[in-house]
Amino acid sequence: MQSPIDTLTITRPDDWHLHLRDGAVLDSVVADTARQFARAIIMPNLRPPVTTTELAHAYRDRIYSALERAGLSTTSFTPLMTLYLTDNTSADEVVRASKSGFVHGIKLYPAGATTNSDAGVTDLLGKCVPALEAMQATGMPLLVHGEVTDPEIDLFDREAIFIDRIMIPLRRAFPALKVVFEHLTTSDGVDYVREAAGPVAATITAHHLLYNRNALFQGGMRPHWYCLPVLKRERHRLALLQAASSGSGRFFLGTDSAPHAKGLKENACGCAGCYTALHAMELYATAFDSVGSLDKLEAFASLNGPAFYGLPVNQGTLTLNREAYTIPAELPMADTTVVPLAGGESLGWKVAL
Ligand SMILES: NC(=O)N[C@@H](CC(=O)O)C(=O)O
Ligand SMILES: [Zn+2]
Ligand SMILES: [Zn+2]
């Protein structure tokens with residue numbers, strides 16, 4: 001019998017779905033990410049949302065300033081900016097974004113689907129046709145929060161119904177449009193992405209690989225496990241784990257790390273989002289190790305994403321050691337506190353710094 005791997009060195013990874021936020025917490029959250037990842041797709045759901053190339057440029061400058069304040073070199077981490085699609089996004093704006101060289105995707109938030117999505121799209125195939133045509137023509141990827149918002153649809157079915165109602169008609173109308181199905185959570189999503197014709201891929205979070213929906217209710221309500229799309233049944237978790245470790249280039253790492261202040265999570269109407277930037281690679285290594293697939297982690301974390309986005313693979317490496325690591329229970333950040341996912345618990349892997 002082979003002895004288990006105790007050290008894993010992979011090409012330096014990227015995070016293809018990240019919320020860095022803005023203002024006082026930016027310094028801490030960007031530093032947590034930059035310790036592990038060379039690049040990240042920066043989600044645009046700020047208040048107000050990042051709807052133009054000009055706003056994305058200003059946000060990018062603030063991220064670089066935060067890196068400097070955190071004592072990190074601005075060459076050590078590259079923020080890959082995105083725009084927030086609205087009913088009014090023009091074809092000209094898409095062309096500007098494409099020519100900028102620093103905008104790498106445009107994000108679809110169905111209005112009301114998740115945190116800061118009020119300005120989101122109300123009718124994708126009715127109102128966004130000029131923008132989608134320009135995206136298809138320029139090769140600008142559409143990044144999708146894939147959940148319907150119809151209040152009649154059960155919360156746990158929102159992703160599966162989105163495939164039929166939005167994804168299939170969208171891809172029929174724009175077959176050459178690059179689409180990333182963000183934070184995939186169901187076996188329905190896995191089947192769709194695996195088999196769809198054309199340039200389709202998906203990000204998968206560490207928490208959807210590690211937990212099923214029981215985690216939300218273990219011994220009581222667990223707000224730090226609440227995110228959108230919400231955790232699903234065990235069979236969906238197993239399908240995601242299989243997809244992530246299958247070797248298919250269509251699935252890649254996106255943490256969806258989304259910090260909210262402790263008091264806004266532990267609240268009568270708690271915010272959706274899990275903070276995983278601190279310990280992302282430890283969480284993913286634990287998930288892949290659980291199915292004996294550590295040898296597939298590098299493709300998922302470091303190779304598949306760049307291939308889909310048409311970017312080079314990173315120089316440099318990241319090493320993980322099999323070693324007990326206790327996740328901090330709380331993280332002080334500026335004038336607030338953030339509770340990392342599974343704070344206080346232990347993992348069997350640690351990034352070597
Ligand atoms: N995933 C979440 O639960 N929350 C994200 C938004 C999102 O990615 O949908 C956030 O910005 O807080
Ligand atoms: Zn989302
Ligand atoms: Zn997100």
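Me: Which residues have the most contacts inside the largest nonpolar core?

Reply: They're Ile42, Ile106, Met135, Leu240, Tyr284, Ala285 and Leu297, in a core of 107 residues. Helix 11 (residues 280–290) gives the largest share of that core, seven residues. Keep in mind that this is a predicted model: local features need pLDDT of at least 70, side-chain atom pairs count only at pLDDT 80 or more, and totals for chains, interfaces and linings use all residues. Residues are numbered from 1 along each chain as its sequence is written, while chains are lettered from A and ligands numbered from 1 in the order in which they are written.

Me: What makes a set of residues a nonpolar core?

Reply: They must be buried Ala, Val, Leu, Ile, Met, Phe, Trp, Tyr or Cys residues, joined through C-beta atoms within 7 Å.

Me: And why is arginine 21 called buried?

Reply: Count its neighbours: arginine 21 has 21 other C-beta atoms within 10 Å. Buried takes 20 or more, exposed 12 or fewer, and partly exposed is in between (C-beta atoms are placed from the backbone). So arginine 21 counts as buried. Arginine 21 sits in the loop between strand 2 and helix 1 (26–36), and its phi is near 60°, a positive value in a residue other than glycine.

Me: How do you know that alanine 334 is partly exposed?

Reply: Alanine 334 has 14 other C-beta atoms within 10 Å, so it lands between the two cut-offs. Its place is the loop between strand 11 (331–333) and strand 12 (336–338). Alanine 334 also has a positive phi, about 50°, although it isn't a glycine.

Me: Where is valine 291 found, and which residues does it touch?

Reply: Valine 291 is in the loop between helix 11 and helix 12. Leaving out residues up to four places away in sequence, valine 291 touches Leu241 and Ser245. Touching means contact, that is, C-beta atoms within 7 Å.

Me: What is methionine 135 in contact with?

Reply: Not counting neighbours within four places in sequence, methionine 135 contacts Val94, Ile106, Met140, Leu142 and Leu177.

Me: Why do strand 2 and strand 9 stand at the edges of the sheet?

Reply: Start with the order: it's an open sheet of eight strands, 2-3-4-5-6-7-8-9, with parallel pairing. Strand 2 (15–18) and strand 9 each have a single partner strand, so one side of each has no neighbour in the sheet. From one strand to the next, the twist averages 30°. Strands here are DSSP runs of E with at least two residues, and helices are runs of H or I with at least four, numbered from the N terminus.

Me: What makes strand 6 and strand 7 a pair?

Reply: Pairing takes at least two DSSP bridges. Strand 6 (residues 142–144) and strand 7 (residues 179–181) have three, in the parallel sense, so they pair. Valine 144 stands opposite phenylalanine 181 in strand 7.

Me: Which residues surround ligand 1?

Reply: The residues around ligand 1 include His19, Asn45, His145, Cys227, Leu228 and Asp256. To be near, a residue's C-beta atom must lie within 6 Å. By class, the shell has four nonpolar, six polar and one charged residues.

Me: Where is proline 229 found?

Reply: Proline 229 is in the loop between helix 8 and helix 9. The peptide bond to it from leucine 228 is cis, with omega near -10°. The bond from arginine 47 to proline 48 is cis too, with omega near -5°.

Methods
Ala, Val, Leu, Ile, Met, Phe, Trp, Tyr, Cys and Pro count as nonpolar, Asp, Glu, Lys and Arg as charged, and the others, Gly among them, as polar. Two residues are in contact if their C-beta atoms, placed from the backbone, lie within 7 Å. Axes are lines fitted to C-alpha atoms, for helices over the stretch in contact, and angles run from 0 to 180 degrees between N-to-C directions.
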